[in-house]
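Thank you all for making the time this morning. I would like to walk you through a few local features, so please keep the structure open in front of you while I talk.

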Amino acid sequence: MTTIRREVLTLPAAPLGPDNPLPPLRPLDEAHRIDERDRAGLPRDMARQVGYEPLRSLLPAPVRDGYGRVREPREFDALVIENDRLRATVLPALGGRVTSLFHKPTDRELLYVNPVLQPANFALNGAWFSGGIEWNIGATGHTTLSCSPVHAARVPAPDGGEMLRLWEWERLRDLPFQVDLWLPRDSDFLHVGVRVRNPHERPVPTYWWSNIAVPEDRRVLAPADEAWLFGYERRLRRVPVPTHDGADRTYPRNSAYAADWFYEVPDGRRRWIAALDEHGHGLVQTSTDVLRGRKLFVWGTGPGGRRWQEWLTEPGTGGYCEIQAGLARTQLEHVKLEAESEVSWLEAYGPLDADPEGEWHTVLRGAEDRLEAVLPRTGVDAAYEAWRPHADAEPGERLATGSGWGALEVLRAGWKLPGTPFEEATLGDEQRPWLHLLHAGSLPEPDPGAPPGGTLVARPWRDMLETTAATPVAEYHLGVAQWHEGDRAQAVRSWERGLKNAAARWPLLRCLAVADQEDGHHERAADRYAEAFDDLCARVRDGAEGSPCASGVSGGGEAGAREALPGSGGETSWTAATAALGGEAIGALLAVGRTADARAVWERLAPSVRARGRFRLAEAALLAAEGRRAEARAVFDEGFEVADLREGDEIIGRLWARLADEPLPARHDFRMRPDGD
């Protein structure tokens, strides 16, 4: 039977650093949005789900952009689930990621195991890392919990052994979920029971995709003759499987550019996907029918895809692709979860040996027959039915602790959620102001030694903010909640009211600056950004050692700082605030041609901030705007790395095109689509 034990996993890792303290007010810049020209040709249910409440904002989740690219050995608490056939390693502090699935009889690793932990800007809110099996809940994209802790505990398994339960509160949609992992006696398959609950009195859009990284020198099999192809040009097309445009696309290395292949698995067909090497060995994932979608993601063989692979891992370690399983046909869709209901299913992961070469339908029949022999479809359905009574079992020994957000919501609403206790003991500093609002009806004055914390934006919390005393801090948070709900005029009025008596003006000024930008008032936005940055710097000891605001003189030892400080993990919340606000202010000022003011902001940033890759890129843009093209080009020649470069972002290439006639250097080429698309 399954045993569960603790281990320590040591990896070269870049520290996550502090979260961005500025509320993410701008519309979500998500690459996975469909071109409207393609919507009319979609099946009716698919079109309805594509249009069903796509995520517009990251609130209340913070942006996680404080990481760097300096990796050092770091220890991570791991939970190992094992029987005599399989060994699965889980990292509860990093979203419950299954980082390894090792098959003992064949001495084979079934997943792509990343040898490093390098955060990159792929999650909805920033920090994400590649490799293993991840549990994506919330909205289109990688979950905001990618690099966040989840709760974990031992729970009795259906066969009398032990399960590892992972659970958390997903904040974008305000939904609790759980993932139960166990290994039945003598089984070659990791069993995973998943449940997502909607405790609200209204329907909620729901999203789930289990994402499995496997080596890319595989052939990917799924029971389909067609797929929905989606690339970074944002076009969705129905194409044949396996051959499209003269190449067999079930081999990941036959695609030149990054793309999603969402397989059209016929109704009634068993749900499965496999990745097999040239010898016919590999991994298969199958599930009960509720988890209907199957997908292949490829990076492509183009220079941009290769660069991303190097960026996320180590050069020379081999590329990977992703096979996935989700609630809908595609990841562009959200499924309605009715009020006070739940959705659940069972997944199984294990080895598969089958011939991957040959005519498509012959290969599929052979693989499906082999899967049926080692794990019958009826066996998966029976395992699901056996697990369901255990889904409500109360956890035993706690093995890891997640966030306190679930405990706060349970206290607010009085929900009973058997199997996933969100206990008051998990409440922490982030929840404390909101606990005070819940119990006392008011928000405490913010700590003058730190930037304001995050805002809760769900309607019940907004209602409380509207009835509490109209202090500057309450007006700030109320404005953020109103903005999230689309009441922009009300949000601006709240921020303007708060500004009248605020001691710290910069958080409110920054919110008003974003509102001005969204309304097209770019000059006024620039004024407010400049004023906000002045106010922020006035709140710290200007020029003092360790101050996040420098004295206004650039140079002098900056080269040494460039090597030592970025990604060191020692940044304070004030450093994070000045970096975030300074970066936005420089962009806003450059947008209206105020290069001198942008330069003034730049020179007040601390050397440790100016040395980061994101700000080296800003420096090059500033120099170019000042007409100092040779110096801007020199920044590229010296080299820099933008640690938080966004998936699909082409800002580096656009700036390079303004400075040089030659092709973009390979180290800066992150393009994920053909030129001209």
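Let me begin with the aromatic residues, and with the reminder that what you see is a predicted model. Tyr 112, Phe 122, Trp 128, Phe 297, Trp 299, Trp 308, Trp 311, Tyr 320 and Phe 670 come together as one aromatic cluster. One member, Trp 311, also has a charged neighbour, since the charged end of Arg 69 sits over its ring at 3.5 Å from the centre. A second arrangement of this kind involves Arg 171, which lies over the face of Trp 405, 3.8 Å from the ring centre.

Across the whole structure, the search finds 22 aromatic pairs. In one of them, the rings of Trp 169 and Phe 422 have centres 5.5 Å apart and planes at 80 degrees, and because an angle over 60 degrees counts as edge-to-face, that is how this pair is classed. The pair links distant parts of the chain, with Trp 169 in strand β10 and Phe 422 in the loop between α6 and α7, 253 residues apart. Trp 169 counts as buried at 2% relative accessibility, and Phe 422 is buried as well, with a relative accessible area of 8%. Tyr 384 and Trp 387, by contrast, make a tilted pair, 6.0 Å from centre to centre with 45 degrees between the planes. These two residues are three apart in helix α5, and so about one helical turn separates them; both Tyr 384 and Trp 387 are buried.

Tyr 320, which I named in the cluster, brings us to the strands, because in β24 Tyr 320 is the bridge partner of Pro 215. Strand β14, residues 208–215, pairs with β24 in the antiparallel sense over seven bridges, and it also pairs with β8, again antiparallel, over five bridges. In that second pairing, Ile 137 stands opposite Trp 208 of β14. How much of β14 is buried? Eight of its eight residues are.

Finally, I would like to turn to helix α11, residues 506–518. At 1.5 Å a residue, its 13 residues should span 18 Å, and the end C-alpha atoms are indeed 18 Å apart, so the two values agree. The helix is mostly covered, with 12 of the 13 residues buried, among them Trp 506, Arg 510 and Asp 516. Its buried residues pack against α9, α10, α12 and α14. After α11 comes Gly 520, whose phi is positive, near 85 degrees.

Notes: Residues numbered from 1 in each chain as written. Predicted model: local features only at pLDDT ≥ 70, side-chain atom pairs only at ≥ 80, totals over all residues. Heavy atoms only, no water. Buried < 20%, exposed > 50% of the residue type's maximum accessible area, 1.4 Å probe, protein only. Helix = DSSP H or I, 4+ residues; strand = E, 2+ residues; numbered from the N terminus. Pairing = 2+ DSSP bridges. Expected span 1.5 Å × (residues − 1). Contact = heavy atoms within 4.5 Å. Phe/Tyr/Trp six-rings, centres within 6.5 Å; stacked < 30°, edge-to-face > 60°. Lys NZ or Arg CZ within 6 Å of the ring centre and 35° of its normal.
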